[in-house]
Amino acid sequence: MDLRIDGNAALVTASSSGLGKASAKALAREGANVVINGRDADRLADAKADVEAVASGDVVAQQGDLTDEGDIERLVETTVEEFGGLDHLVTSAGGPPSGPFLETDDEDWYDAYDLLVMSVVRLAREAEPHLREGDEQGTIVTITSRSVKEAIDDLVLSNAVRMSVIGLEKTLSQEFAPDVRANAVLPGPHETERIEELVEQAVDRGDYDSYEEGLADWASNPLERVGQPMELGNTVAYLSSPLSGFINGESVLIDGGSTGANL
Ligand SMILES: NC(=O)c1ccc[n+]([C@@H]2O[C@H](COP(=O)([O-])OP(=O)(O)OC[C@H]3O[C@@H](n4cnc5c(N)ncnc54)[C@H](OP(=O)(O)O)[C@@H]3O)[C@@H](O)[C@H]2O)c1
């Protein structure tokens, strides 16, 4: 299936690992020129090589911290300078720390808000004129979590703060239309460093006796496995493609069916 994004310009944030990297790979494989991002230079260089291995367009790596407004401005500027515009914005970020409510303090809440919400606010603001400008309909895909549909144990920051991102994405899908479509994907457990970190934290808290026991619990869904990052990346590429041209303001669960909500 040709996703018809060949030669388009994409910016994927927090893409030196995990779901962001998989999304960058899926877009690059379809011929989009892609800017990838992360804070650690070595990790970013490794990711660039990974994405280039499947790319038919150009891949540019730009170091930057998504909690820094200047770094966000530079990410958008670089994409426009390198590729002559910006057609597709995909936002990912690191995850907030796990733990129950009584173990979080004000700083944890403000940090989570800065990383998960303000990064998307600032990226959308900077990207908006460029997303509108191009010949292609612009797209925004925001990677959040299935925690917006169903609260997850010991993840109060994700459960609470990510709801703002969904309200933001829905608003953008209305205010930026018809020039730009905005959608979100809501991952359940996928095999990335983030999941390893969460399972290890749960083992340290005494929730599980071993890493294997914790991973098996996270994988308890009708498909009886965790997701592969490229399964999410492929969905992000589809939502960025004109083939999904009438999908706007939607939140797509990618969780193997683990969330029990009917809608
Ligand atoms: N994997 C899952 O199963 C899952 C499920 C639900 C939700 N999610 C959410 O999806 C998002 C991505 O998760 P993932 O599994 O892809 O995580 P990951 O494999 O740990 O990757 C996180 C990426 O974000 C980058 N990053 C972290 N903080 C950053 C910052 N301040 N500025 C720029 N880049 C930053 C990291 O690179 P540097 O550290 O070098 O900056 C890395 O490239 C997270 O918000 C996570 O909570 C994941």
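Arg122 is buried, since its relative accessible area is just 15% (buried means under 20% relative accessible area, exposed over 50%, and partly exposed in between, with a 1.4 Å probe and protein chains only). Salt bridges that share partners tie Arg122 into one network with Glu69 and Asp114. Here a salt bridge is a side-chain nitrogen of Lys or Arg within 4 Å of a carboxyl oxygen of Asp or Glu. This is a predicted model, in which local features need pLDDT of at least 70 and side-chain atom pairs count only at pLDDT 80 or more, while totals for chains, interfaces and linings use all residues. Residues are numbered from 1 along each chain as its sequence is written, and side-chain values use heavy atoms, with hydrogens and water left out.

Back to that network. The side chains of Arg122 and Glu69 meet in a salt bridge, 4.0 Å from N to O. The pair ties together distant parts of the chain, with Arg122 in helix H4 (residues 106-133) and Glu69 in helix H3, 53 residues apart. Helices (H or I, at least four residues) and strands (E, at least two) are DSSP runs, numbered from the N terminus. Unlike the buried Arg122, Glu69 is partly exposed, with a relative accessible area of 37%.

Just before H3 comes a loop that starts after strand S3 (59-63), and Thr67 sits in that loop. Thr67 counts as partly exposed because its relative accessibility is 32%. Thr67 and Leu115 are 48 residues apart in sequence, yet their C-alpha atoms are 5.5 Å apart in space. Asp68 belongs to the loop between S3 and H3 too, and at 33% relative accessibility Asp68 counts as partly exposed. Between the C-alpha atoms of Asp68 and Arg122 there are 9.5 Å of space and 54 residues of chain.

Asp68 also turns up in a patch of negative charge on the surface, together with Asp58, Glu73, Glu77, Glu81 and Glu82. Patches are made of residues with over 30% relative accessible area and no salt bridge, and like charges are joined within 9 Å, nonpolar side chains (Val, Leu, Ile, Met, Phe, Trp, Tyr) within 5 Å. Within this group, Glu81 lies in helix H3 (residues 69-83) and counts as exposed because its relative accessibility is 66%.

How many salt bridges does a search of the whole structure find? The total comes to 14. One of them joins the side chains of Arg43 and Glu193, at 2.2 Å from N to O. That pair spans 150 residues, linking Arg43 in helix H2 (residues 41-54) to Glu193 in helix H6 (residues 193-205). Arg43 is partly exposed at 33% relative accessibility, and so is Glu193, with a relative accessible area of 43%. Another salt bridge is made by the side chains of Glu30 and Arg29, at 3.3 Å from N to O. Arg29 counts as partly exposed, at 37% relative accessibility.

Now for the strands. Strand S1 (residues 9-12) points Ala9 and Leu11 one way and Ala10 and Val12 the other, and all are buried. Two strands pair if DSSP finds at least two bridges between them. S1 pairs with strand S2 (residues 33-38) in the parallel sense over four bridges, and Ala10 stands opposite Val34 in S2. S1 also pairs with S4 in the parallel sense, over three bridges, with Leu11 opposite Leu89 in S4. Strand S4 (residues 88-91) is covered on both faces, with His88 and Val90 on one side and Leu89 and Thr91 on the other, all buried. Next along, S4 is joined to strand S5 (residues 138-143) by four bridges, and these two run parallel. His88 stands opposite Thr139 in S5.

A few spots in the backbone deserve a look as well. The peptide bond from Ala177 to Pro178 is cis, with omega near 5°. Pro178 sits in the loop between helix H5 (156-175) and strand S6 (180-187). Arg4 has a positive phi, near 55°, in a residue other than glycine. Arg4 belongs to the segment before S1 and counts as exposed at 51% relative accessibility. Ala14 is not a glycine either, and has a positive phi of about 50°. Its place is in the loop between S1 and helix H1 (18-29).

How values were computed
Areas by Shrake-Rupley, 256 points an atom, 1.4 Å probe, with all protein chains shown as cover. Lys, Arg positive; Asp, Glu negative; His and termini not counted. Charge placed at Lys NZ, Arg CZ, Asp CG, Glu CD.
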